[in-house]
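Colleague: Before I rely on a model like this at the bench, I would like to learn how to read its helices and its charged contacts. Could you take me through them?

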Amino acid sequence: MDAKAVRVRDVVRDVVTEVAPEELPLLAGLAGFDDATAVQRLGGGVRRREPLGFGLGEVAALVTPVVWLAVDQATQQIVGTWVQNRVARTGVALRRVFRRSAPPPVVIPALTREQLALVRRSVLTMAAQRGLEPERAAVIADAVVTRLVLDETEPETAAAAEAEPDGPPEPLAPPTPVRPNGPEPPDAPVQPNEAAGRDGGPEGPEQPDEPTRPAGT
Amino acid sequence: MVAGARAAEQPADVAPLDERVLVAGTTLRFALLLALLVAASVSMIPRTVWHLFASPEKADLEAACFLAAGIDPSVSANASFVQSQRQPAALEECTARFAQDFTTVSVSVGLVALAAACTVHRLLPLWRTRRTKVVPLDVVDVHGRLRPLLDELVTVAGLDRTPRFVVDPASQATGAVAFGRPRRPVIRLDGGLVVTADSEQERFRAVVLHELAHLHHKDIDITYATVALWRVFLVLVLLPWTAVGLDVLLLRGSAEVRGVYAPFNTHAHVLGGLLVLAVYLSRLEILRHREIYADLMAVRWGASAQPWQDSPVRRHAGEGWRRPFVRIAALWHTHPSPALRRASLTDPKALFTLRALPLLLTGLAADILVWHLNALPSEFLWLSAVLVAGLVIGIGGVALWRAVLYALRAGGTVPSGWSAGLWLGLGVVVGELTGPRAAMNQWLPTHPEALLILVAVLVLLMTWTAQNAEGWLRARRERPPGPAMLAGLAVPALAYASVLYWWRSVGEVLTDGWPFTTAGVLASYGLPGLPPSDAGPLWHVVAVLGLLPGTLTGAGSLWWSQVLLWVLPVLALVVASRPGREGTGGGGRSPVAGLVGGLTGGIVCSAGLAVALARLRDAELEASGAVGPLRLAQMMVPVLVICAAMALTAAVVAALTDSRWLTTGLAAAGITALVGVVAAHTLVRADAGSGPSAVAWSLSREAHLPYAVALGTPVAGLVAFVGRGAGLAGRGAALLVRQVTTRRRAGPHPAARPSPVAQRLLRPKWRRAVRLAAVGAVVTWVGATALAVDVSASPGPASLPALVPDRAAPEPSATVSRLQHQAWATAGGLERIEALRTAELRYSAAVTAVGEATDDTGFLQAMDRVTSACGAMDRATRRADAYLSVPSTAGQRMWTRVLTRHREMTDTCRDLATRPDRATAEAADTARRNAIDSVDAMSYWLAEKGAIRPK
């Protein structure tokens with residue numbers, strides 16, 4: 001299982017590169033944030049009317065927050081209980097206050113079929129909440145699942161992640177500007193992070209505490 | 001919302017009016033908010049510091065001095081003032097003894113608050129651009145296309161400083177926001193905007209140009225200065241002040257004392273709440289305006305209007321029963337509705353329309369500012385009056401000028417201005433009634449109708465402003481209106497400042513009724529023979545006249561500024577009547593009407609003066625040999641005649657003039673006043689016979705001219721409203737009669753076009769009803785105030801009657817009476833009694849020593865002790881005599897007895913010391929026993945009254 005773990009941000013980068021390459025600038029910006037900050041910021045409400053803002057309150061239907069939040073949410077359900085997650089997040093917050101050192105990135109363990117289905121439902125639900133079209137949501141969900149499944153077939157990539165277990169988050173954006181004529185695979189091979197089992201993740205499939213209802217299907 | 005007077009004749013311009021044609025007035029409104037926050041801090045910090053640091057015992061003792069002086073906190077401010085003036089020296093000595101000064105601490109806290117505001121101002125941009133919030137533009141500009149595009153937009157905007165662009169990559173919104181400090185502006189782009197920069201380039205340009213327009217207009221400077229000051233004010237000033245206030249209102253001291261001062265403390269807190277509301281709503285209202293300005297500038301710089309057209313429209317926006325809720329909710333928004341922003345791109349009407357809420361909030365904020373400016377020394381009263389008047393008239397006046405300009409350029413209805421004054425005045429009234437200024441320690445002032453004086457003056461000045469603006473804008477259509485507006489606002493601002501000066505000095509006591517006596521007012525002139533023994537109606541009128549605006553003739557009272565209310569309209573009339581001027585708008589007859597009316601009024605005034613002065617000669621006012629009555633009559637009677645002539649002239653001219661009836665009426669009244677003052681001078685000089693002419697001119701200069709200007713002008717202006725109403729009513733009646741007659745003769749004539757007067761009559765009924773109600777309110781006020789004037793109040797002592805009557809104050813309640821006696825005892829009464837006892841014991845010991853002396857040396861030494869005891873007794877008695885009198889008749893009778901007995905004891909003591917024999921010794925012993933009895937009786941009485949604990 002250790003060999004098949006993959007970081008959430010890697011999954012997000014690959015999916016966005018595939019289905020919404022125009023959002024890669026956002027990923028470049030988010031690369032500087034640790035996972036907890038990124039999730040917190042992406043999940044926050046939209047500031048529609050700030051003083052001296054434009055104020056017409058329009059919101060773009062973006063893929064990045066949908067994928068990141070859905071995968072993160074599903075991962076949290078799979079690898080731990082809600083209470084554990086809240087404690088972990090509080091720890092992250094405290095760590096940020098006192099040490100400001102980056103917490104380890106969230107990793108996804110190898111998933112069963114049921115867990116993959118859970119991830120897919122999570123993506124569909126999140127996409128519906130964020131105003132994406134059902135067809136677009138389905139494409140994104142499929143891309144996420146495909147990415148997770150493909151990862152299981154590439155165990156050789158796991159070894160690279162072991163070299164830097166506690167290092168800072170790796171930049172998500174490609175090192176060179178992406179050509180605008182279409183999606184292309186990332187320059188570097190995917191580097192799954194350390195084993196998820198170190199954080200106490202369950203070995204076998206686990207039922208989510210609050211099963212999400214797929215929207216738009 | 002704000003009704004117009006009549007439609008402009010010009011056709012509508014094709015191009016939309018440039019919103020920059022006149023200043024927006026935003027800076028003035030921000031300045032009002034900043035002044036309010038600063039003044040409130042200066043007023044609140046010392047109060048908070050005092051409550052936190054002052055010794056409660058000394059504070060209670062200082063407060064006890066006022067109660068001990070017989071001041072009843074539950075009666076009106078006027079009565080308290082009268083009471084405090086009965087024994088001012090004793091009261092001052094008492095309060096000075098317990099006063100605690102924390103000026104240094106207060107100034108330090110104020111400086112800390114200021115430093116905190118500066119720090120917050122510097123830190124706000126840093127906080128908003130922190131690492132976990134935004135990233136530099138170059139990090140996300142992976143394609144390298146955003147930077148050149150933004151550089152191009154900055155060049156289009158022509159900004160002095162290129163802003164720093166940052167991106168919030170987590171934001172899905174497609175907007176941006178400008179913030180930062182003036183020298184380091186920042187624009188934050190939302191992640192959604194960056195993502196859609198290529199696909200929706202027009203929108204990207206529009207959003208960025210909108211933010212650049214905010215920088216161009218320097219919106220971030222004052223917005224974030226206000227934000228910083230507001231946050232620091234909330235945390236460091238308002239919250240501690242509220243906590244201290246709630247402690248005083250609900251917790252500190254006994255429930256009895258808290259109840260006595262509850263009205264004042266409650267008013268103060270309500271005013272604090274209103275301050276928060278006024279600042280918050282005003283700030284949002286200003287920000288909404290600035291957004292439309294930024295939209296228009298962005299479009300002017302080449303932004304497509306499409307993003308505004310594409311913006312989503314909320315369903316049910318302002319329809320049906322939701323309408324009031326939607327409008328209330330809109331007050332809390334930082335941006336106008338999308339529909340209004342869209343409409344403003346083609347017609348920026350919203351930036352020119354008069355709206356009630358900003359005016360109401362301005363009046364309210366200005367009134368709260370006046371309350372907090374109380375902290376200023378009285379020497380700076382004129383400065384605070386000019387500041388407040390400048391802000392109120394500046395804000396209302398700029399809005400009015402813009403509305404008039406828009407109406408003239410767009411062919412709409414020219415606003416009349418009086419409703420703007422009404423809203424400003426309503427704000428002032430709300431502040432006065434809810435705050436502690438008018439009511440002090442009562443729940444409501446006794447005569448709130450006196451506040452209508454301020455409302456009436458604001459209505460007058462705003463109507464004047466609108467008509468003056470119309471006159472200048474019509475006459476100088478091709479020139480920039482800015483300079484004319486500046487002059488057109490300075491005049492009413494100074495005029496309002498002079499009224500405010502009078503209101504703060506004299507007028508505001510009228511909210512408690514008329515507190516003056518005729519005899520006192522007449523005596524205050526310091527002329528021999530005044531007050532006369534028989535004060536008839538003439539003298540009552542003269543006394544009342546002497547306290548109206550115009551009494552304060554020092555240059556600092558700004559009375560002279562009222563003369564500009566005539567001069568400027570005369571100039572406008574002259575400019576308008578020059579050949580070649582376009583668009584005089586029916587005002588072509590105004591110059592002639594003003595001049596003819598003024599000269600006719602002047603002739604009538606001169607005739608009236610001649611008759612009045614002739615009657616004065618016959619009245620034999622100098623029969624008693626004193627010249628005072630005649631001199632005062634020569635001073636006041638011409639004033640009465642001149643003011644009446646001015647009012648009559650203004651009313652008649654206003655009734656007969658269509659265009660700019662108020663300014664024309666005032667111009668005519670001014671001419672009348674000038675003719676009247678010259679005539680009065682000539683007649684009084686002729687009357688004085690062989691007397692020096694300087695006396696006559698001095699009278700005219702010191703009394704006739706200021707009164708004619710400072711009193712006659714506002715009176716003439718207000719009476720012009722009555723004349724205008726009468727004129728309209730007369731024309732309406734004539735029109736009805738004509739219509740009925742025509743219908744009877746020839747039947748209806750459908751093709752006939754209704755005249756402007758007829759159109760006015762066809763306005764909605766409710767609007768006429770509101771106007772009628774407003775006129776009714778003013779008339780009611782005049783009646784109520786006239787009835788409230790109690791000129792028959794009993795005069796004071798014949799030697800020097802008090803200006804404010806020494807009326808018998810209402811008997812205090814049992815609670816207040818007990819508190820007053822307790823205060824009398826604790827603030828120094830008991831201490832004096834103990835001092836008397838000590839002196840008496842010392843004296844007794846000395847006398848005993850005399851009796852026990854066995855030789856001459858011992859006798860002489862004992863006699864020295866007696867002499868010394870006499871001196872101590874004398875000092876103790878004098879000190880007790882200088883203390884406050886007991887706040888009740890019975891108590892004061894006993895206290896007087898104590899003092900008398902001790903004076904007698906001192907006298908007998910001195911007799912004994914100088915002539916030690918049997919007779920003086922017996923007399924001294926009797927006096928001593930009497931003194932002891934009187935002190936025991938006083939102590940027993942105080943204990944019985946509950947003022948001290950019985951021993």
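**Helix length and charged pairs**

Modeller: This is a predicted model, and a helix in it can be checked by its length, because the expected span is 1.5 Å times one less than the number of residues. For helix 31 of chain B, residues 856-882, the 27 residues should span 39 Å, and the end C-alpha atoms are 39 Å apart, so the two values agree.

Colleague: Against which elements do the buried residues of helix 31 of chain B pack?

Modeller: They pack against helix 30 (814-852) and helix 32 (889-914) of chain B. Among the buried residues of helix 31 are B:M863, B:V866, B:C870, B:M873 and B:D874.

Colleague: How many salt bridges are there over all chains, and how should I read one?

Modeller: The count comes to 36 over all chains. A pair qualifies when a side-chain nitrogen of Lys or Arg lies within 4 Å of a carboxyl oxygen of Asp or Glu. In chain A, A:R147 and A:D14 meet in this way at 2.4 Å, N to O. That pair links distant parts of the chain, with A:R147 in helix 7 (residues 134-152) and A:D14 in helix 1 (residues 8-19), 133 residues apart. A:D14 also forms a salt bridge with A:R13, their closest N and O atoms being 3.5 Å apart.

Colleague: Are A:R147 and A:D14 buried or exposed?

Modeller: Both are buried, A:D14 with a relative accessible area of 11%. In chain B, B:R147 forms a salt bridge with B:D138; here B:R147 is partly exposed at 27% relative accessibility, while B:D138 is exposed at 52%. Elsewhere, salt bridges with shared partners join A:E50, B:R128, B:R188 and B:D190 into one network.

Terms used:
Residues numbered from 1 in each chain as written. Chains lettered and ligands numbered in written order. Predicted model: local features only at pLDDT ≥ 70, side-chain atom pairs only at ≥ 80, totals over all residues. Heavy atoms only, no water. Helix = DSSP H or I, 4+ residues; strand = E, 2+ residues; numbered from the N terminus. Buried < 20%, exposed > 50% of the residue type's maximum accessible area, 1.4 Å probe, protein only. Contact = heavy atoms within 4.5 Å.
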